[in-house]
Amino acid sequence: MFNDLILTLQDANTQWVLFGTILLGVASGVLGSFALLRKQSLIGDAMAHAALPGICLAFLLYGTKSIGWFLVGAALSGLLATYFIQVIINHSRIKEDTAIGLVLSVFFGFGIVLLTKIAQSENGNQSGLDDFIFGQAASLVGNDVRVISGVAVVLLIVTWLLFKELKLFTFDRQFAQGIGLPTGLLNGLLMALIVSAVVIGLQAVGVILMAAMLITPAISARYWTDRLDRMVIVAGTIGALSGMLGTLLSSMANRLPTGPVIVLSATVIFLISLIFAPNRGLVSKGLKLYRIRKIVARETVLQTMYDLSEEASITNKKLLFSKEELLTRRKMAVRKLDSNLKRLEKEGYVQRKEDLWYLTESGGYEAHEIVLNNRLFEIYTMYEMKFASLQFATNDVWDYKHIGSSTLHELEQLMAVHERTPKLEPKYFGEGETLRKKKSSQRAEKRKKEVKSL
Amino acid sequence: MSYGTWIMLTGSLVGVSCGIIGCFLILRKMAMLADAISHTVLLGIVLAYLVSHSLEGIYMLVGAGIIGLLTAFLVQVLHSSGVQSDAAIGVVFTSLFAFGVILLSAFAGKVHLDVNHALMGEITFIPWNTLTIGGMDLGPSAVWMLGTVLIINLILIFLFYKEIKISSFDPAMATAIGIPVMFIHYLLMSMVSITTVASFDSVGAILVVAMLIVPGATAYLLTDKLLAMLIISAVIGVISAIGGYYAALVWNISISGSMASIAGLIFAATFILSPRYGLLSKLLARKSLITE
């Protein structure tokens, strides 16, 4: 295995191909990030398909296979396709996805017409043209690689120089226009950059799979960071990595075509990012969700106990509740309730008398806090517009202790109006006896203390 | 029937089935999902061949149907786990397609399928590949397959017309009144898959996309009524098929490619000349506003 790798690496041709695919991966990863953030990933797909008639026309006009002219032809027809897509979207009621699919398929169909025409012509030496459909990285020669890497380097330099402008344009086009950036020009430039990245990739990965080179590294990078500069670097690295992996794997296993292997390597990296990336990955999201569910279940049990106690205290019943009562008040899986009660018992917040459960005094404090917090939140949602100054976002954690005292006072007043103030003070919890009994026993204790002090 | 008639019949059947399904795709803004499915169907065909070792139509239909649904499902899964929809489509179809190509070249010796054929189709060979039952020659098998798929599609659309219509125009309302929107979505996706695979052999992957999207988009510029749109779209599908065939005869070029090109030309003409939504009528309307 390792020897194979060394042997493969020593092959001069493989070195060329490797160099080409890595640079291609970097360039398409970087530019793909911009396309992705502008939600235009599939335009890259359209450009790639649309390059075919351009390549064929270049061949018909020039007469022989020449990478330079192919690139020019492909770039021109790719840009023309992008222009058509924009025109169709802007001047008719056809939506973006339809416009992309339409232009893509018609251009490609026309390309196939030209391809058959070339096949019949005198100098039908079109073997090189078929390569553009599926890509034939192994057929890259020194000259091709020089062109590819030259273009890739130019693309990277242009992106680096105009990074600030492109960034602004990508995230907030209106603002960019407002401060006087030539947005029309930038749009055209970005399209031209993407077309060039597509065009240099055609020979290596082919018309159909080129879209993956733009999309997959960029979307994988999106999982690792929220900053554009880092995303661009990560996407470039992932692109390079998949280019390298794909080239090496396919040259070691003889029959595998390079383009698809590169794409599948990128897909594997994407899956790894999707599952394992910190913060955004499925695993870390799942863990977060699990933690939140645990907290919510615990709070729900405490809150239900409190609600029931509050009601019971009005009619002066004992503050003791069966599991069935808890479940009818708030539905919950029985096993979940059991485990939460057990946990709360360990924490000292609830205790049981045979089959009945009650809040201890410390449990009373905890439950009171939770109920107060949740009821204040209820009031806030009722009067959301009134408290817009809090600037509370949907995913923020609501905690009444972080709210200013005057706002809190207002909220409390409204809570009183709606009769949602938690009425049962924590000190009245204890052994689960009725409120009257607890009060009288507390009074008795107080008297005892007074007597003692006297 | 003569050789040319069979080809035109095949092309027209492709045009009608794709044209009808395409209208719904356009209205539901799922044109690119259809593009994705038309690519991944390749994987379905290769897998079906590797499992069944035959190129019988029914295995292909089943394999492609499964992979088509898988494509729609994977896109849905990625989308609901936070990937933006265009990227989700892009990632899924390119990787499945790449996998298909790799399988195809790994088993290249054994599979009687070549990629160019799959992409561009070979409608020229259709009339020779005939269906014979009990020694009787019943005409090209592709025609039978396309006909069957067309009838299945028509029956499904007829049965679920109201549901498809409501969920295409107003998914929120459809959900609210209890239409199983997800079921309709996957129903349409399986219709797209089997239509794609039936058309695949004769016209190839890319032309299927052209036939799915272009006639529907053209019809969309001509009418506001769904039924009219379906009919116009089917008619345009047929016109591009027949026109494409004659153009291919005259210039001696790929039939499928020229069908796509003719469809594109019809769209371009409509885009400029359509009485209600065309460029020209819009310009005229603007001018008359200015002179007033």
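In chain B, 72% of the contacts with a separation of 6 or more join residues that lie 24 or more positions apart, where two residues are in contact if their C-beta atoms, placed from the backbone, lie within 7 Å. This is a predicted model, in which local features need pLDDT of at least 70 and side-chain atom pairs count only at pLDDT 80 or more, while totals for chains, interfaces and linings use all residues. Residues are numbered from 1 along each chain as its sequence is written, and chains are lettered from A and ligands numbered from 1 in the order in which they are written.

Chain B has eleven helices and two strands, where helices (H or I, at least four residues) and strands (E, at least two) are DSSP runs numbered from the N terminus. Along the sequence their order is α-α-α-α-α-β-β-α-α-α-α-α-α. Of the 292 residues in chain B, 51% are buried; a residue is buried if 20 or more other C-beta atoms lie within 10 Å of its own, exposed if 12 or fewer, and partly exposed in between.

One residue of chain B can serve as an example. I236(B) is found in helix α9 (residues 226-251) of chain B, and it counts as buried because it has 27 C-beta neighbours inside 10 Å. Leaving aside residues up to four places away in sequence, I236(B) touches G19(B), P215(B), T218(B), A219(B) and I266(B).

Chain B also meets chain A, with 51 residues of chain B in contact with 46 residues of chain A. The largest share of the chain B side, 14 residues, comes from α4(B). The table divides that side by class, counting Ala, Val, Leu, Ile, Met, Phe, Trp, Tyr, Cys and Pro as nonpolar, Asp, Glu, Lys and Arg as charged, and the others, Gly among them, as polar.

| Class on the side of chain B that touches chain A | Residues |
|---|---|
| nonpolar | 33 residues |
| polar | 15 residues |
| charged | three residues |

The largest nonpolar core, a set of buried Ala, Val, Leu, Ile, Met, Phe, Trp, Tyr and Cys residues joined through C-beta atoms within 7 Å, has 190 residues, and A51(A) and V103(A) have the most contacts inside it. Helix α10 (residues 183-222) of chain A gives the most to this core, with 24 residues. A second, separate core of 20 residues includes L337(A), V350(A), Y358(A) and L359(A).
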